[in-house]
Amino acid sequence: MNLTDVAVIGAGAMGAGIAQVAATAGHRVSLVDAVPGAAEAATDRLGGGLDRLVAKGRLTADDAAAIRGRLTPAGSVAELPDCGLVIEAVPEDLALKRKIFGELGGSQPASTILATNTSSIDVSAIAEAVIHPERVVGLHFFNPPQVMALVEVIHGARSSATVLDEAVELMRAWGKTPVRCSSTPGFIVNRVARPFYGEAQRMVEAGVADAATIDWILREKGGFPMGPLELTDFIGQDVNLAVGTSVWEQTGRDERYAPTEFQRGLVEAGRLGRKTGQGVYTYAADGVLVGGDPDLGLAERLVGGPVETDPLARTVAMLVNEAADLVGRGEATAADVDIAMVLGTRYPRGPIEWGRSLGFAVVSRQIEELDRVFPGGRYRPSPALLDGTVQ
Ligand SMILES: NC(=O)c1ccc[n+]([C@@H]2O[C@H](COP(=O)([O-])OP(=O)(O)OC[C@H]3O[C@@H](n4cnc5c(N)ncnc54)[C@H](O)[C@@H]3O)[C@@H](O)[C@H]2O)c1
C-alpha cells in the first residue's frame, strides 16, 4: 500500500488541521476544496501557523519548511495521485459525502483506505456508495486536530478488520490516541456526554438550582473543567442541540436523548451562548460572564442529598450508565470509552472507572430511583451495570 500519499477533501476547520497533522507525520498531502482558491488559502494559513510555531521555538525552520513543502492544493478528486489514505472532511451532509466517496471509489486503487471525519453520519451509509466498501472507515478527529490527541476509529458494518487495524496503527504513528467504536449514533464521546448536558438542563428547568450553582457543583465538587451549562454556552446552544437531536433521531427518539424544552427555548430566542452574548448566562462585550454567582449554601445542601436533587450524583450516575450501556452492547471496550471521555471532553475520570469506584450496583439503584421519581423511560439502568459486562 502506498501510504506516502494522503489526500484530504474539504479544507475547512477540520480538513486543514488534519492535513497539517498528516504532513507533520511525513506524508505528501493533497488538499482539495470545492471553493476555488480555498485549498490554497488553507495551505497558506497552515504555513502561517507553522511560522508561529517556529517563532515560539516549538518547531525548527527546516522542519516547518519541509512540512509546508509536503502540502499541495489539488484541483479536484479526479486529479489526486494514488493515495494510501483519503480523509473526507466536507460539511455534514450524507448526499454530499456519498457523492465524494462514489468518486473516490472509482478513482482511487482498491487498496486505498477511504475515511470520513463525520461526527454524526452512519459510516455504513456513506460506504454504500463505494466499490469495495470494506476499505471505508470513520476517522473522527476532534477540534482542533493539531492539538487534540483523540481519534475515534469507526467501523461501519462492512469495514474490514485489516483496514481498521491499519487505520489504528497509522493514527498511532501520527502521534494520536485512537479508540475503536462501531458506527453507533454519536460514537463514544458525543453519545456518552449527552446526559452531562441533559441532566443539568432538566434540573434548571425543574428549579432544583440555578445554573451557576449547578455549574459550580460539577466543577468544584466533581472536578469537571467546566460546568455543563457554561459549556453549552461555549459550544453554542444551537450546535449542542443539533448534536443531541441527531443522536435522539438516530436512536428512534429514545427518551434518554430527548432534547429539553429549556435548550430549545434558548435556541428559539437566539440565545446561542457566548457567540451571541446571551445563552444560559449573559456576557459583557468583552466576553466576560455577567453575574453567575453560585448559591454555596444551596450547593452544600444538594450534594450528598437525594439523587434526584444532587447534580453531581445524578449526572455521574447517568454518565456511568451511558458508558456501561455502550460497552454492554459491544460498541466499544471499557478501556476505550474511558480514554475517549478523558481525552475528548477532559472529564476528570473515565466513566467506567468512576462507576467501578462508586459500585455499579449503587449506580444501578440510583438510576432506578430516578426512574421512580421521573417515570417515562429516560432513566433505565443498563443491564451491563449488573450482568458483569463491566467490572
Ligand atoms: N468542526 C468541528 O468541531 C468538527 C469536529 C469533528 C468532526 N467534524 C466533522 O468534520 C466535517 C467538516 O467539518 P468542518 O467544521 O471542517 O466544516 P467546514 O465548513 O469548516 O469545512 C468544510 C469544507 O468543505 C468544503 N467543501 C464543501 N463541499 C465540498 C466538495 N464537494 N468537495 C470538496 N470540498 C468541499 C467547503 O468549501 C469547506 O471548506 C463534518 O463532517 C463535521 O461533522 C467537525
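**Figure 1. Polar contacts hold the view around the ligand in this predicted model.** A backbone N or O atom of Val90 lies 3.3 Å from an oxygen atom of the ligand, a polar contact being a pair of N or O atoms within 3.5 Å; within protein, one atom must be able to donate a hydrogen and the other to accept it, and residues adjacent in sequence count only if both atoms are side-chain atoms. Two side chains also place a polar atom beside a ligand oxygen: that of Glu92 at 2.5 Å and that of Ser119 at 2.9 Å. The ligand taken alone exposes 830 Å², of which the protein buries 72%; these accessible areas come from the Shrake-Rupley method with a 1.4 Å probe, and for residues only the protein chains shown count as cover. The model is predicted, so local features are given only at pLDDT of at least 70 and side-chain atom pairs only at pLDDT 80 or more, while totals for chains, interfaces and linings use all residues. Residues are numbered from 1 along each chain as its sequence is written, and side-chain values use heavy atoms, with hydrogens and water left out.**Figure 2. The shell around the ligand draws on several elements.** The shell contains 22 residues, and the closest are Met14, Asp33, Glu92, Lys97 and Ser119; a residue is counted here if one of its heavy atoms lies within 4 Å of the ligand. Helix 1 (13–24), helix 4 (94–107) and strand 6 (136–141) each supply at least two residues. Helix 4 gives the most, with three residues. Helices (H or I, at least four residues) and strands (E, at least two) are DSSP runs, numbered from the N terminus. The ligand sits in the largest pocket. On a 1 Å grid over the protein atoms alone, a pocket is an open set of points where a 1.4 Å probe fits, with protein on both sides within 12 Å along at least five of seven lines. A molecule sits in a pocket if more than half of its atoms lie within 2 Å of its grid points.

**Figure 3. Thr118 is a buried residue in a loop.** The loop that holds Thr118 runs between strand 5 (113–116) and helix 5 (123–127). Thr118 counts as buried because its relative accessibility is 2%; buried means under 20% relative accessible area, exposed over 50%, and partly exposed in between (1.4 Å probe, protein chains only). The side chains of Thr118 and Glu92 are joined by a polar contact of 2.8 Å. Glu92 also has a polar side-chain atom 2.5 Å from an oxygen atom of the ligand. A polar atom of the Thr118 side chain lies 3.2 Å from the backbone nitrogen of Ser120. Not counting residues up to four places away in sequence, Thr118 touches Glu92, Lys97, Val123, Ile126, His140 and Phe187, contact meaning heavy atoms within 4.5 Å.

**Figure 4. Phe187 and Arg346 are loop residues with positive phi values.** Most residues other than glycine have a negative phi, and most peptide bonds are trans. Phi of Phe187 is near 50°, and Phe187 lies in the loop between strand 8 (177–182) and helix 7 (189–192). Phe187 is buried, with a relative accessible area of 2%. Arg346, with a phi of about 60°, is in the loop between helix 15 (334–345) and helix 16 (351–358). Arg346 counts as exposed because its relative accessibility is 58%.

**Figure 5. A cis peptide bond joins Asn143 and Pro144.** The omega angle of this bond is about -5°. Pro144 is found in the loop between strand 6 and strand 7 (150–155).

**Figure 6. Helix 10 (residues 228–235) is mostly covered.** Six of the eight residues of helix 10 are buried, namely Pro228, Leu229, Glu230, Leu231, Thr232 and Asp233. Their cover includes helix 8 (194–205), helix 9 (211–221), helix 11, helix 12 (261–268) and strand 9 (282–283). Gly236 follows helix 10 and has a positive phi, near 110°.

**Figure 7. Trp248 is a buried residue of helix 11 (residues 237–250).** The relative accessible area of Trp248 is 12%. Leaving out residues up to four places away in sequence, Trp248 touches Arg253, Asp254, Tyr257, Ala258, Pro259 and Arg264. The C-alpha atoms of Trp248 and Arg191 are separated by 9.8 Å, and the two residues are 57 residues apart along the chain.

**Figure 8. Ser364 is a buried residue of helix 17 (residues 360–373).** With a relative accessibility of 2%, Ser364 counts as buried. Apart from neighbours within four places in sequence, Ser364 is in contact with Pro381, Leu385 and Leu386.

Notes
1 Å grid on protein atoms, 1.4 Å probe; cavity = no way out; pocket = protein on both sides within 12 Å on 5 of 7 lines; lining within 4 Å.
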